[in-house]
Number of protein chains: 2
Amino acid sequence: MVVIDKIDAIRAQVNEWKKKGLSVGLVPTMGYLHHGHKSLIKRAAEENDKVVVSIFVNPLQFGPKEDLATYPRDLERDKEICALAGADLIFHPSTYVMYHKDFSTVVNISGLTDNLCGKSRPTHFTGVCTVVNKLFNIVTPDRAYFGQKDAQQLFIIKRMVKDLNINVEIVGCPIIREENGLAKSSRNTYLSEKERQAAVILNKALKKGKDLIEKGIRNVDDLLSIIKETIECEPLAKIDYINIVDIESLQNVEVIDRSVLVGIAVYINKTRLIDNFVYEV
Amino acid sequence: MVVIDKIDAIRAQVNEWKKKGLSVGLVPTMGYLHHGHKSLIKRAAEENDKVVVSIFVNPLQFGPKEDLATYPRDLERDKEICALAGADLIFHPSTYVMYHKDFSTVVNISGLTDNLCGKSRPTHFTGVCTVVNKLFNIVTPDRAYFGQKDAQQLFIIKRMVKDLNINVEIVGCPIIREENGLAKSSRNTYLSEKERQAAVILNKALKKGKDLIEKGIRNVDDLLSIIKETIECEPLAKIDYINIVDIESLQNVEVIDRSVLVGIAVYINKTRLIDNFVYEV
């Protein structure tokens with residue numbers, strides 16, 4: 001597996017591919033790859049001639065009290081996963097390569113970033129948009145792949161691409177889950193066995209919500225109460241947010257009279273996990 | 001002169017050129033072109049196979065009390081100037097094409113935008129960076145040309161390109177002046193004959209400052225006083241700012257012990273004009 005850490009080198013490689021008329025897919029990641037990432041890489045390999053996986057734990061998207069220092073890293077393991085899934089190279093820059101000492105530019109999105117994860121992580125999406133914008137400029141992919149587990153991120157990236165006229169197709173891919181329903185996440189590695197079992201409550205609560213919507217319940221307060229009660233049955237769980245939002249504006253709705261994103265963030269002890277589903281009208 | 005107002009159409013044309021291996025220069029403007037713009041277009045035509053001039057009066061870079069509504073426009077005249085100067089096409093989008101109704105993404109630069117024009121026009125450079133970022137994504141030029149009259153803009157665009165890894169070379173071009181020394185600007189059209197004569201004071205005051213620096217004066221307070229006094233001799237002039245700043249950080253310096261930008265903004269009655277020079281150590 002080729003690993004490139006310099007911007008000029010990755011540009012040269014991509015230019016060589018483009019000159020041959022080859023298409024390029026990008027899978028932006030923070031590494032410590034799991035089956036979710038693997039599904040993105042596989043999809044990218046199906047739809048593009050060449051696939052670049054970026055692995056960069058982006059300091060700009062972590063808050064001051066978040067888990068930047070402890071975020072799991074294992075490049076050797078990631079290389080194997082990338083190779084097996086069909087990637088052609090890994091872009092693995094240092095923090096200094098991405099953020100020189102006088103770095104002072106950010107990409108900001110208003111509105112879509114106020115609610116859901118943006119409420120508890122106020123600088124998070126500025127960090128995400130800025131790094132993804134940089135990666136798009138460096139790799140200039142034809143398509144880029146993002147998981148629907150980070151649904152708000154996916155919607156925000158799509159908006160950034162539309163607003164700034166970035167010439168890339170954003171492909172959202174389904175959530176990949178453990179057998180017990182827990183959504184795959186690099187942060188699952190923080191969980192003890194007991195916590196991992198407790199974490200199943202996120203998916204369970206969402207499933208209950210989805211069932212009720214499909215049965216015709218339309219009042220959002222009622223739905224939120226039931227999801228909340230379900231999560232609170234799990235003693236290790238502490239709710240960060242439960243939101244039912246319009247899938248365009250990501251603002252809360254009162255009645256399900258349009259397509260919505262039902263998103264939750266729950267702490268299992270100290271580990272913050274997210275999950276969601278989209279209900280389309 | 002070909003005028004294109006749709007993003008897809010400009011992309012198709014640029015792609016066609018790029019497939020033939022032709023280089024593309026972009027000259028971003030707000031139209032009402034003068035000799036300054038002409039010099040940018042000529043330079044672009046010398047250094048590139050094809051030249052795109054964008055003409056777009058960008059609402060995002062105007063403050064609520066500024067001159068968006070009255071900003072001069074004359075596309076027919078601009079077409080002639082573009083043709084004579086060697087442009088290949090004009091990109092002239094509508095506001096709606098550039099800013100759809102849910103538009104919500106901006107590019108923000110901190111530090112460099114606090115001083116000089118950024119102080120009296122706090123949202124201006126966010127508007128400039130956002131529209132220039134969009135134009136770069138739409139036109140994907142090899143080189144883009146900006147006048148040094150808007151020196152802060154030039155430095156900020158260079159920083160944006162560096163920070164966001166945009167693959168374009170930024171070329172700064174010298175200030176073009178009237179015979180009497182007044183820097184060319186589309187806003188000069190606001191001036192009456194009397195005001196136009198009064199406006200010469202900007203260049204006069206800067207020349208005095210430059211002479212003194214060249215003669216060895218290094219104390220910034222002394223220099224600012226003399227520039228201020230010179231401008232105040234002109235009854236129609238009202239100073240917005242006079243700043244002597246480090247050319248990297250654009251922060252004020254106390255002593256000229258490095259390369260500096262000496263920048264001024266002066267109202268001549270209601271018309272705000274800017275001018276500057278760079279002194280390199």
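## Salt bridges across the model

A salt bridge here is a side-chain nitrogen of Lys or Arg within 4 Å of a carboxyl oxygen of Asp or Glu. By this rule, the count over all chains comes to 30 salt bridges. The model is a predicted one.

One pair is Lys184(A) and Glu178(A). Their side chains meet in a salt bridge, 3.6 Å from N to O. Lys184(A) has a relative accessible area of 16%, under the 20% limit, so Lys184(A) is buried. Glu178(A), at 22% relative accessibility, counts as partly exposed. The pair is part of a wider group: salt bridges that share partners join Glu178(A), Lys184(A) and Arg196(A) into one network.

## A link between distant strands

Arg272(A) and Asp240(A) also meet through their side chains in a salt bridge, at 2.9 Å from N to O. This pair links distant parts of the chain. Arg272(A) sits in strand β10 (residues 271-279) of chain A, and Asp240(A) in strand β8 (residues 237-246) of chain A. The two are 32 residues apart.

Are the two partners buried or partly exposed? Arg272(A) is buried, with a relative accessible area of 16%. Asp240(A) counts as partly exposed, at 24% relative accessibility.

In chain B, Asp257(B) forms a salt bridge with Arg258(B). The closest N and O atoms are 3.0 Å apart. Arg258(B) is partly exposed, with a relative accessible area of 34%.

## The open sheet of chain A

In which order do the six strands of the open sheet in chain A run? The order is β1-β4-β3-β2-β6-β7, and the pairing is parallel. β1 (2-4) and β7 (169-173) of chain A stand at the edges. Each has a single partner strand, so one side of each is left without a neighbour in the sheet. From one strand to the next, the twist averages 25 degrees.

Strands of a sheet pair through backbone hydrogen bonds, either parallel or antiparallel. At the β7 edge, five bridges join strand β6 (residues 143-147) of chain A to β7(A), and these two run parallel. Tyr145(A) has Val171(A) in β7(A) as its bridge partner.

## Helices over the sheet

Two helices of chain A lie across these strands. Helix α1 (residues 7-19) of chain A lies across β1, β2 (24-29), β3 (50-55) and β4 (89-91) of chain A. Its direction makes about 145 degrees with β4(A). Helix α2 (residues 35-47) of chain A lies across β2, β3, β6 and β7 of chain A. Helix α2(A) runs at about 155 degrees to β6(A). Both helices lie across β2 and β3 of chain A.

Helix α2(A) also packs with a helix. Its axis and that of helix α3 (residues 75-85) of chain A come within 9 Å. The two axes cross at roughly 35 degrees, and the crossing of α2(A) and α3(A) is right-handed. Which residues meet there? From α2(A) come Lys38(A), Ile41(A), Lys42(A) and Ala45(A). From α3(A) come Ile81(A), Cys82(A) and Ala85(A).

## Strands β2, β3 and β8 of chain B

Strand β2 (residues 24-29) of chain B pairs with β3(B) in the parallel sense, over six bridges. Val24(B) stands opposite Lys50(B) in β3(B). Strand β3 (residues 50-55) of chain B is mostly covered: five of its six residues are buried.

Ile242(B) is found in strand β8 (residues 237-246) of chain B. At 12% relative accessibility, Ile242(B) counts as buried. Which residues does Ile242(B) touch, not counting those up to four places away in sequence? They are Leu224(B), Ile227(B), Lys228(B), Ile231(B), Gly263(B) and Ile264(B). Thr105(B) lies 32 Å from Ile242(B), C-alpha to C-alpha, and 137 residues away in sequence.

## How the two chains relate

A rotation of 180 degrees superposes chain B on chain A, with 0.0 Å of shift along its axis and an RMSD of 0.0 Å. That is the relation of a two-fold axis. In chain B, the C-alpha nearest the axis belongs to Val107(B), 2.3 Å from it.

Why do the copies meet through the same surface? Of the interface residues of chain B, 100% are also interface residues in chain A, so the same surface serves in both copies.

Definitions and conventions
Residues are numbered from 1 along each chain as its sequence is written. Chains are lettered from A and ligands numbered from 1 in the order in which they are written. This is a predicted model: local features need pLDDT of at least 70, side-chain atom pairs count only at pLDDT 80 or more; totals for chains, interfaces and linings use all residues. Side-chain values use heavy atoms; hydrogens and water are left out. Copies are superposed by least squares on the C-alpha atoms of residues with pLDDT of at least 70 in both. Contact means heavy atoms within 4.5 Å. Two strands pair if DSSP finds at least two bridges between them. Helices (H or I, at least four residues) and strands (E, at least two) are DSSP runs, numbered from the N terminus. Axes are lines fitted to C-alpha atoms, for helices over the stretch in contact, and angles run from 0 to 180 degrees between N-to-C directions. Buried means under 20% relative accessible area, exposed over 50%, partly exposed in between (1.4 Å probe, protein chains only). A crossing is left-handed if the near helix is turned anticlockwise from the far one by less than a right angle, and right-handed if clockwise.
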